[in-house]
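Reader: I would like a close look at a single part of this model, with its packing described residue by residue. Please then set that part in the context of the rest of the chain.

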Amino acid sequence: MILDIFMPNLRGIEAIHEIKKIRPDVKILILTMHKDKEYLYLALSAGAKGYLLKEDADKELFSAIEKVRQGKTYISPHFSEEIVDDLVQVGRGEAKTVFEVDPLTPARGKF
């Protein structure tokens, strides 16, 4: 299933939670314009298997779909350096988590 972060009636993160409650086996790819890594982390923690920026879709869409279909995780290349930096900080004990917000608390009004 391909979703966006912002959709009519139900936001993407909320939709992921609802879909996973009903069908935990569904593989979800987020296709979005949002480059904020907070959205990336929230989507993945909600159960998405991929996060693809629309600007990368012309080159990466089929690859992203195939990886997600195989049960692997796909993340747009834009985030590579930021994710590695976050993981290094966690590994060094400089941060407790890669999340900038508590992933279990809905960020009401922010989305």
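Author: The buried residues of helix α2 pack against α1, β2, β3 (50-53), β4 and α4. The model is a predicted one, and what follows describes α2 in it before turning to its surroundings.

Eight of the 10 residues of α2 are buried, so the helix is largely enclosed by the rest of the structure. The buried set consists of Lys37, Glu38, Tyr39, Leu40, Tyr41, Leu42, Ala43 and Ala46. Charged side chains are therefore not excluded from it: with under 20% relative accessible area as the criterion for burial, Lys37 and Glu38 are both on the list.

The two ends of the helix can be described briefly. At the start of α2, the backbone nitrogen of Glu38 has a side-chain oxygen of Asp36 within 2.9 Å. After the helix comes Gly47, and the phi of Gly47 is positive, near 125°.

Two helix partners of α2 can be taken in turn. With α1, the axes lie 9 Å apart and the packing angle is about 10°. Helices α1 and α2 are therefore roughly parallel to each other. On the α1 side the contact is made by Ile13, Ile16, His17 and Lys20, and on the α2 side by Tyr39, Leu42, Ala43 and Ala46. Sorted by class, the residues of this contact are six nonpolar, one polar and one charged.

With α4 the geometry is as follows. The axes of α2 (residues 37-46) and α4 (residues 80-91) come within 11 Å and cross at roughly 75°. That crossing makes α2 roughly perpendicular to α4. Here Lys37, Leu40 and Tyr41 of α2 meet Glu82, Ile83 and Asp86 of α4. The contact of α2 with α4 contains three nonpolar residues, no polar ones and three charged ones.

The strands that α2 packs against include β2, β3 and β4, and these belong to a sheet. Four strands make up this open sheet, in the order β1-β2-β3-β4, with parallel pairing. Its edges are β1 and β4 (74-75), each of which pairs on one side only. Strands of a sheet pair through backbone hydrogen bonds, either parallel or antiparallel.

Strand β2 (residues 29-32) pairs with β1 in the parallel sense over two bridges. In this pairing Ile2 stands opposite Leu29, and Leu3 has Ile30 as its bridge partner. In a regular strand the side chains alternate between the two faces of the sheet. Both faces of β2 are covered: Leu29 and Leu31 are buried on one side, and Ile30 and Thr32 are buried on the other.

Two further buried residues connect with β2. One is Asp4, in the loop between β1 (2-3) and α1 (12-22). Asp4 is buried, with a relative accessible area of 17%, which is under the 20% limit. Leaving aside residues up to four places away in sequence, Asp4 touches Gly12, Leu31, Thr32 and Lys54. The side chain of Asp4 makes a polar contact of 2.8 Å with the side chain of Thr32. A polar contact of 3.1 Å also joins the side chains of Asp4 and Lys54.

The other is Ala57, which is found in helix α3 (residues 57-69). Ala57 is buried too, at a relative accessible area of 16%. Its contacts, again without residues up to four places away in sequence, are with Leu31 and Leu52. Ala57 and Thr32 are 25 residues apart along the chain, and their C-alpha atoms are separated by 9.3 Å. Leu31 is thus a contact of Asp4 and also of Ala57.

For the chain as a whole, there are four helices and four strands. From the N terminus on, they run β-α-β-α-β-α-β-α. Of the 111 residues, 38% are buried. Among contacts between residues at least 6 apart in sequence, 54% join residues at least 24 apart.

To return to the part in question: α2 has eight of its 10 residues buried, is roughly parallel to α1 and is roughly perpendicular to α4.

Terms used: Residues numbered from 1 in each chain as written. Predicted model: local features only at pLDDT ≥ 70, side-chain atom pairs only at ≥ 80, totals over all residues. Heavy atoms only, no water. Axes fitted to C-alpha atoms, helices over the stretch in contact; angles between N-to-C directions. Parallel < 35°, antiparallel > 145°, perpendicular 65-115°, else oblique. Contact = heavy atoms within 4.5 Å. Nonpolar A, V, L, I, M, F, W, Y, C, P; charged D, E, K, R; others polar. Buried < 20%, exposed > 50% of the residue type's maximum accessible area, 1.4 Å probe, protein only. Polar contact = N/O pair within 3.5 Å; in protein donor to acceptor, adjacent residues only side chain to side chain. Pairing = 2+ DSSP bridges.
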